[in-house]
Amino acid sequence: MSSNKTQVHRPGPYKQTNKEHKHGRHRSKSSISIAAKGKVSVKKISKTNKRELNRDQRRHQSAQIRQKKKDEVLAKKRSLGGLDFAPFLVSVIPLNKDFDSTSTISILTQCDDEAVVRRTSAGVTHICVPRFKKRFSLIVPANDNELDVLDSLKVSDVVVFLLSSVNGAEYIEEIVDKWGNKLLMSCLAQGLPTPVVILTDLDSITPKKRNEFKQNVQKIVNQWLPDEKLMVLDKNADAINILRRIGNQKRKHVFYRDKRPYIYGEEVEYVPDIKGPMGTLKVTGYLRGSVLSVNQLVHIPGLGDFQMLQIDAVSDPNKVDKTRKKDSTSLHDENITIKVLEQCDPSKQESLDSENAVDLMDAEQTWPTNEDYEMAEKDLQLRKAKTVPKGWSDYQAAWIPDDDVGFQEDAFSDGDQSHDDEFMDARSDESSCYSNAEDGDQDLETVAEESELAINDDKYDQEMDLNAEKDELNKIKESKSDMMFPDEIDTPANIPVRERFLKYRGLESFRTSPWDPKENLPSNYARIFQFQNFNRSRKRVLKEEETKSGVMPGLYITIHIKNVSQLMWSTFERTKSPIVIIGLYPHEHKMSIMNVVLKRTQNHGLAIKSKERLIFQCGFRRFIVNPIFSEHTNGQKHKAL
């Protein structure tokens, strides 16, 4: 008989060791190490290789991370408006077009006896307050151009909205006029920086009604800015409190400009070329935001995209001399020195080519083969066998299924067409009856409006344009009809329907039919740049921007922008608009297709037609386009509106 040998289990290094019974003896660490005789547990070795931390190490690591974040926030807060950094850029905007902000600026500049005030040729008022160790730059955009106000807010750190009670408590509803409401809505849609709301001329209200008046004004402010508290500005102490709040309050982030370099031009000089229609534009100001490289492109609202020639460091004329005594604090009296920081490298500089080079011979064959001839003959036979209605193009004929090859042209003959015309005439007679009824209602409405105008004839504006009134009334009628019949379109009376809708594609089913968005595209689409993976390219560009080398923010610099047209600059100079420079990311100058989602606001309730000329503003860019509107759905196909 064969002998059966039993298998003996031998424990490995990961054997479970149960906790010993507490026998009352205490083992010190030295006794444990002596008993181990230098042996190290496998679990401990694997734990060390995985770099697992114990409780004390994890607590210490979290404390280090927390302290690092605090230091970063504190350093960023101290760098805003400090004596050695760029001052706070504050835009002062009244919410009533008739208000004048001159008195407000004078109170802010005279609130502190130790404050140092300087005004530049561009209308910027610099205030240095030694007691706060802060500097402020106040700008007042022109009220006659709303786009200039929006351009100033793109680079402002703080916006101060002014409200005046000079009209009295009886006209509290007019404290924010129609222009102010429109401006507020535009600012909120663009991206509002840190706001501060100030109420002036409160002394014009009787003392018994001041608290009630302030509460009513606060309710009006909460409709637009629910988290903002109203501040009063009538005395020097009020102005000091406002400057303290501007310098210490929490900053509101604006997404499209936080990681971009931007400059508000305080000194501008244009040097035309000796030969040629171009010139060099020199803009001096404080660099804010992120690092600026001389090889990247810059954008100026109203002028376009340009390349830079060089960047110079200029001695700050608004910097306070801290070497003197406190009672004799003054600005720098030294001569202005200029130091070249960076010069452009043509091999590394971003190109101004916005369109792709089109190759007309792309995808062309050298010479057709015999198989190509045979395929062409078969296609020609199929085309001859397929009969299509009169007026159809080859592109529309390709959409007819092969099952409908027997579709004859006599179905669309002249006899049937006359019958269809009689049917359409009958439908037009019916629609004319309804249209006459609707026109009657509309006539009644217009008569009522004219009677109201006759009653209020004394308040009628003599400069009102009658043609603009008629156009607005027609838009209201079209918007009402579009709401009543959203999926219908009127056929023209002088053009046949088959010719009017000849360019449209036919689908058997809007939901299930295949749709190729790149089929038979116009040749102009070849000029558009495309991204293979937009999200990956975006992450790569943002990561490269973090490690980019260039001029650090906070310096007072001069940028030399080359190849600026003399004609364009002379036209722009007459508008007296502010010069705002914003750095561009790579590929942002390229032309591409953009799909956006629009949201209707309260101040515009009229219908907007497709291909109507509109002004679009996306972030810092502003351009004029003729958009095509369609429904916003999750499908592959969208109905045109």
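What share of the 641 residues in this chain is buried? The figure is 30%. Before going on, I should say that this is a predicted model, and everything I quote is computed from it.

Some overall numbers, then. The chain has 16 helices and 18 strands. About 45,600 Å² is exposed, and carbon and sulfur atoms account for 51% of that area. If you take the contacts between residues at least 6 apart in sequence, 73% of them join residues at least 24 apart.

Let me start inside, with the nonpolar cores. In soluble globular proteins, nonpolar side chains tend to be buried together. Here the largest nonpolar core holds 26 residues, and the members that touch the most others are F161, L163, F213 and V217. At least two residues each come from α5 (146-154), β5 (158-164), α6 (178-190), β6 (194-200) and α7 (210-224). The biggest contribution is from α6, with 4 residues.

If you want one residue to look at, pick F161. Not counting neighbours within four places in sequence, F161 contacts I93 and L95, then L184 and L192, then the run P195, V196, V197 and I198, and finally L225. A separate core of 24 residues lies apart from the one just described, and its members include I105, A115, A239 and L243.

Next, N96, which sits in the loop between β1 (88-94) and α4 (102-109). Is N96 buried or exposed? N96 has a relative accessibility of 5%, so it counts as buried. Leaving out residues up to four places away in sequence, N96 touches E174, I175, D177 and W179.

Now the charged pairs. The chain has 13 salt bridges, and I will go through three.

The first pairs D151 with R622, at 3.0 Å from N to O. D151 is in helix α5 and R622 is in strand β18 (residues 621-625), which puts the partners 471 residues apart. D151 is buried because its relative accessibility is 4%, under the 20% limit. R622 is at 25%, so R622 counts as partly exposed. This bridge also belongs to a network: D151, K154 and R622 are joined by salt bridges that share partners. Recall that α5, the helix carrying D151, is also among the elements that supply the largest core.

The second pairs E588 with R260, at 2.8 Å from N to O. E588 is in the loop between β16 (580-583) and β17 (614-618), while R260 is in the loop between α9 (255-258) and β8 (262-264); the separation is 328 residues. R260 is buried, at 9% relative accessible area, whereas E588 counts as partly exposed, at 24%.

The third pairs R527 with E355, with the closest N and O atoms 2.6 Å apart. Which parts does this pair tie together? R527 lies in the loop between α14 (497-500) and α15 (534-546), and E355 lies in the loop between β14 (338-343) and α10 (370-385), so the bridge connects parts 172 residues apart in sequence. Both partners are partly exposed, R527 with a relative accessible area of 25% and E355 with 37%.

Back to the loop between β16 and β17, since P586 is found there as well. P586 counts as partly exposed, at 23% relative accessibility. Its contacts, setting aside residues up to four places away in sequence, are E350, V541 and E545. Measuring from C-alpha to C-alpha, P586 and L297 are 8.1 Å apart in space, although 289 residues separate them in sequence.

Last, the second largest pocket. The volume of this pocket is about 1,100 Å³. Its lining has 37 residues, and those nearest the centre are K76, S79, L80, D258 and G289. Which elements each supply at least two residues of that lining? They are α3 (55-79), α8 (236-248), α9, β10 (278-288) and α15. The element that gives the most is α3, with 5 residues.

To close, three things to find on the screen: F161 in the largest core, the D151 to R622 bridge, and K76 in the lining of the second largest pocket.

Conventions. Residues numbered from 1 in each chain as written. Predicted model: local features only at pLDDT ≥ 70, side-chain atom pairs only at ≥ 80, totals over all residues. Heavy atoms only, no water. Core = buried A, V, L, I, M, F, W, Y, C linked by side-chain atoms within 4.5 Å. Buried < 20%, exposed > 50% of the residue type's maximum accessible area, 1.4 Å probe, protein only. Contact = heavy atoms within 4.5 Å. Salt bridge = Lys/Arg side-chain N within 4 Å of Asp/Glu carboxyl O. Areas by Shrake-Rupley, 256 points an atom, 1.4 Å probe, with all protein chains shown as cover. 1 Å grid on protein atoms, 1.4 Å probe; cavity = no way out; pocket = protein on both sides within 12 Å on 5 of 7 lines; lining within 4 Å. Points joined across faces, edges and corners; volume = space filled by probe spheres on them.
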